[in-house]
Amino acid sequence: KNLQEVLRNPDHYGKTEQMAVIDQFILNLSTVSQATSDILIVTDSQVFSRTRSASSLTEYLRYGQSWYYEAVMKNGGMVITSSRPRPYDKSLTRTVTMSREILDMSTPQRERLGFLVVEIDPDYIAEQCGTANEFGESTVVMIDPLGYILYSSTPVENEAIDLPRETYQGDRGSKTVLFQGEEQMLNYVTSADTGWKILQFIPERYIGQLGTEVMWANIGVIAACAVGIMVVYLIRRLSVDYAWIIA
């Protein structure tokens, strides 16, 4: 209620008091999970963060954010998207953003007061994927619904996966493809929560040593570790623990 009040009537509060309320809210949320790299409160004219400088927050408002329109359409529901922290800087790794509207619960109209934005640490994603990538010579790649690479166990040259989209259509599948200059077996599964896909590439020369049952068991473990641990846990905690204040 305190957060909604300072966002609803910012002119009634001094800058110090407003910042104290918002900082306390962000601090409370930051204890939910070690996966978060930053938590922001975004309004039409300001961005509040505990980690970013004033100049970087100005840049944040200046450049369009990929989550914005999806969050508006969800009307308070959680949205999971991927983007670079600064869209104009191609050197930065893509990361994952969880966002939702902060709605004014004091009125029947539930007008929008701003947005809650939780950015996931890309190193955390890599750590979760890396712990499950113990399958011989296989390469594991995580991509978002647009094909952009969120994680790869081996270096890749492009920002997006270099395969036609029809190659990995459907919830799961297995087929032979040309990847990184050689014939490889592709296994993939799709997360129902995010639409992300976990792709596993195994060189054909290595296939003879493996059984189909072992391959599917391994890809299942990868999907569970990389997506389930991070996304489902955070969604449930943010949706349940804080539903009364940011619904």
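Let me start with strand β10, residues 197–203, which is mostly covered: seven of its seven residues are buried. This is a predicted model, so please hear every value as computed from predicted coordinates.

Which residues of β10 point one way, and which the other? K197, L199, F201 and P203 go to one side, I198, Q200 and I202 to the other, and all of them are buried. That list includes a lysine, K197, and a glutamine, Q200.

Now the sheet around this strand. It is an open sheet of five strands, in the order β7-β6-β10-β9-β8, and the pairing is antiparallel. The edges are β7, at 149–152, and β8, at 172–179, each of which pairs on one side only. On average, and ignoring direction, neighbouring strands in this sheet are turned by 25° against each other. As general background, strands of a sheet pair through backbone hydrogen bonds, either parallel or antiparallel.

Going through the pairings, I begin on the β6 side. β6 and β10 are antiparallel, with five bridges between them. In that pairing, V140 stands opposite Q200 of β10. Strand β6 covers residues 139–143, and three bridges join it to β7, again antiparallel. There, M142 has Y151 of β7 as its bridge partner.

On the other side of β10 is β9, residues 182–190, joined to β10 by seven bridges and running antiparallel to it. M185 stands opposite I202 in β10. So much for the register; what do β9 and β10 form together? They form a hairpin, with six residues between the two strands. One residue in that turn, G195, has a positive phi of about 80°.

Next, strand β1, residues 36–42. It is also mostly covered, with five of its seven residues buried. β1 pairs with β5 in the antiparallel sense over six bridges, and D38 stands opposite E119 in β5. β1 also pairs with β2, residues 47–49, antiparallel and over three bridges. In that second pairing, the partner of L40 is S49 in β2. β1 and β2 make a hairpin with four residues between them.

Staying with β5 for a moment, this strand covers residues 112–120, and V118 is in it. Is V118 buried or exposed? V118 has a relative accessible area of 3%, so it counts as buried, the cut-off being under 20%. V118 and T97 are 21 residues apart along the chain, and their C-alpha atoms are separated by 5.7 Å.

Now one helix, α2, residues 15–30. With 16 residues at 1.5 Å a residue, α2 should span 22 Å, and its end C-alpha atoms are 22 Å apart, which agrees. Which residues of α2 are buried? They are Q18, I22, F25, I26 and L29. Seen down the helix axis, the buried residues of α2 fall within an arc of 95°, so they line one face. The general point behind this is that an α-helix has 3.6 residues a turn, so residues three or four places apart point the same way.

Last, the aromatic rings. How many aromatic pairs does a search of the whole structure find? It finds five. Take W67 and Y68: their ring centres are 6.1 Å apart and their planes are at 50°, so this pair is tilted. Then Y68 and Y69: the centres are 5.1 Å apart and the planes at 90°, so that pair is edge-to-face. The cut-off for edge-to-face is over 60 degrees.

The three residues differ in how much they are covered. W67 is buried, at 2% relative accessible area. Y68 is partly exposed, at 28%. Y69 counts as exposed, at 64%. Ring pairs link W67, Y68 and Y69 with F115 into a cluster.

To recap, β10 has seven of its seven residues buried and belongs to the open five-stranded antiparallel sheet. β1 pairs with β5 over six bridges and with β2 over three. The buried residues of α2 line one face of the helix, because they fall within an arc of 95°.

Notes. Residues are numbered from 1 along each chain as its sequence is written. This is a predicted model: local features need pLDDT of at least 70, side-chain atom pairs count only at pLDDT 80 or more; totals for chains, interfaces and linings use all residues. Side-chain values use heavy atoms; hydrogens and water are left out. Buried means under 20% relative accessible area, exposed over 50%, partly exposed in between (1.4 Å probe, protein chains only). Rings of Phe, Tyr and Trp (its six-membered ring) pair if their centres lie within 6.5 Å; planes under 30 degrees apart count as stacked, over 60 as edge-to-face and the rest as tilted. The expected span of a helix is 1.5 Å times one less than its number of residues. The arc is that of the directions from the helix axis to the C-beta atoms. Two strands pair if DSSP finds at least two bridges between them. Axes are lines fitted to C-alpha atoms, for helices over the stretch in contact, and angles run from 0 to 180 degrees between N-to-C directions.
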